[in-house]
Amino acid sequence: MTRLHVNGALGRLGRVIVQLAEMSGEFAVTKSGRGDAVGELVDGCDVVIDVSQPEASVLVADECARRTKPVVVGTTGHSADQRQGLQRAAQRTALLLAPNFSVGVNLLFWLTEQTAKTLGPEFDAEVVEIHHRLKKDAPSGTAKRLGEIIAQVRALSYETSVRNGRAGLVGERTSGEIGIHAVRGGDVVGEHTVLFAGPGERLELSHKASSRETFARGALRAAHWILARAPGMYDMRDVLGLAER
Ligand SMILES: NC(=O)c1ccc[n+]([C@@H]2O[C@H](COP(=O)([O-])OP(=O)(O)OC[C@H]3O[C@@H](n4cnc5c(N)ncnc54)[C@H](OP(=O)(O)O)[C@@H]3O)[C@@H](O)[C@H]2O)c1
């Protein structure tokens, strides 16, 4: 039985992860949420999943690093400083950072890379994401990752090439920009579309999640996978065998 600790266990995703883990019979689960001290809980577990909020996820990753406990971070919306905090933790323990746990979205990452390479920069690339009205960060971590992939293929800097929405007299679109647009409403679990618009044709790659169970299943798969890994930063490509390293 794997001893799993879930931080953010009372949240929308945390609750589903705990439920699936307990139903599987493969995990003994402990839980924490806002205001809980996690040190002792981390001490007593084999692996941690964090699905809370950015600041908390860095603190939990640090607690894991001190005890060399592997940690899966599904939380999104980290600042550059917080990302560095996660990188520092990954020097001391195995840390898997996944803005999206779904198999389909991770395939979408791969397809986006291949498509951007094949179509070239004359195809304008834009990302549109839709999430439920309660989501706190925008654009989604998945949309950012899609933007990063396109920027990387085109040898552009993410910071200077991404346009987070457009308003006012913004001028003609340049080929060196990547638009990212966040739509919020209702109870949409998560949808991402990457558009490649070229001369006379447009290609769209879309993924639609209809249940949080798909994320929870991916999180538990990642937790199993990371158990015996050496310190370092990993992502879902490693779990799914899509990594080139
Ligand atoms: N990787 C993926 O596939 C995936 C999929 C969906 C969502 N996410 C991400 O996962 C995170 C959680 O999403 P969600 O929809 O479950 O959000 P949520 O419902 O707001 O859940 C977050 C939970 O974390 C708790 N929390 C807040 N501060 C905390 C702290 N300092 N320590 C411990 N827990 C704390 C919240 O408590 P309060 O209610 O008291 O604030 C809440 O119970 C978000 O970053 C979201 O973008 C990732």
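This passage describes the sheets and helix packing of a predicted model.

An open sheet of six strands is present. Its order is S2-S1-S3-S4-S5-S11, and the pairing is parallel. Strand S2 (27–32) and strand S11 (232–234) are the edge strands. Each of these two pairs on one side only. From one strand to the next, the twist averages 20°.

Within this sheet, strand S3 (residues 47–50) pairs with both S1 and S4. Strand S1 (residues 2–7) runs parallel to S3, and four bridges join the two. His5 has Val48 of S3 as its bridge partner. Asn7 stands opposite Asp50 of S3. Toward strand S4 (residues 71–73), S3 forms three bridges, again in a parallel arrangement. Here the bridge partner of Val48 is Val71. Val48 thus appears in pairings with His5 and with Val71.

The side chains of S3 point in two directions. Val47 and Ile49 point one way from the strand. Val48 and Asp50 point the other way. In a regular strand, side chains alternate between the two faces of the sheet. Val47, Val48, Ile49 and Asp50 are all buried. The charged residue Asp50 is therefore among the buried residues of S3, and Asn7 is the residue that stands opposite Asp50.

Helix H4 (residues 80–90) lies across part of the six-stranded sheet. The strands it crosses are S4, strand S5 (94–97) and S11. H4 runs at about 145° to S5.

A second open sheet contains five strands. The order is S7-S8-S6-S9-S10, and the pairing is mixed. Strand S7 (162–164) and strand S10 (201–209) stand at the edges. Each has a single partner strand, so one side of each is left without a neighbour in the sheet. The twist averages 15° from one strand to the next.

Strand S6 (residues 124–131) and strand S8 (residues 178–184) run parallel in this sheet. Six bridges join them. In this pairing, Glu126 of S6 stands opposite Gly179 of S8. Helix H5 (residues 103–119) packs on the five-stranded sheet. H5 touches strand S9 (190–198) and S10. The direction of H5 makes about 170° with that of S10.

Two helices also pack against each other. Helix H1 (residues 12–24) meets helix H8 (residues 213–226) at an angle of about 60°. Their axes are 9 Å apart. The angle makes H1 oblique to H8. The crossing is right-handed. From H1, the contact is made by Leu13, Val16, Ile17, Leu20 and Ala21. From H8, the residues are Glu213, Phe215, Ala216, Arg217, Ala219 and Leu220. Nine of the contact residues are nonpolar, two are charged and none is polar. The charged ones are Glu213 and Arg217, both from H8.

Finally, Thr160 is found in helix H7 (residues 158–161). At 60% relative accessibility, Thr160 counts as exposed, because the cut-off for exposed is over 50%. Thr160 and Glu129 lie 31 residues apart in sequence. In space, the two are 20 Å apart, C-alpha to C-alpha.

Technical notes. Residues numbered from 1 in each chain as written. Predicted model: local features only at pLDDT ≥ 70, side-chain atom pairs only at ≥ 80, totals over all residues. Heavy atoms only, no water. Axes fitted to C-alpha atoms, helices over the stretch in contact; angles between N-to-C directions. Parallel < 35°, antiparallel > 145°, perpendicular 65-115°, else oblique. Left-handed = near helix turned anticlockwise from the far one by under 90°. Contact = heavy atoms within 4.5 Å. Buried < 20%, exposed > 50% of the residue type's maximum accessible area, 1.4 Å probe, protein only. Pairing = 2+ DSSP bridges.
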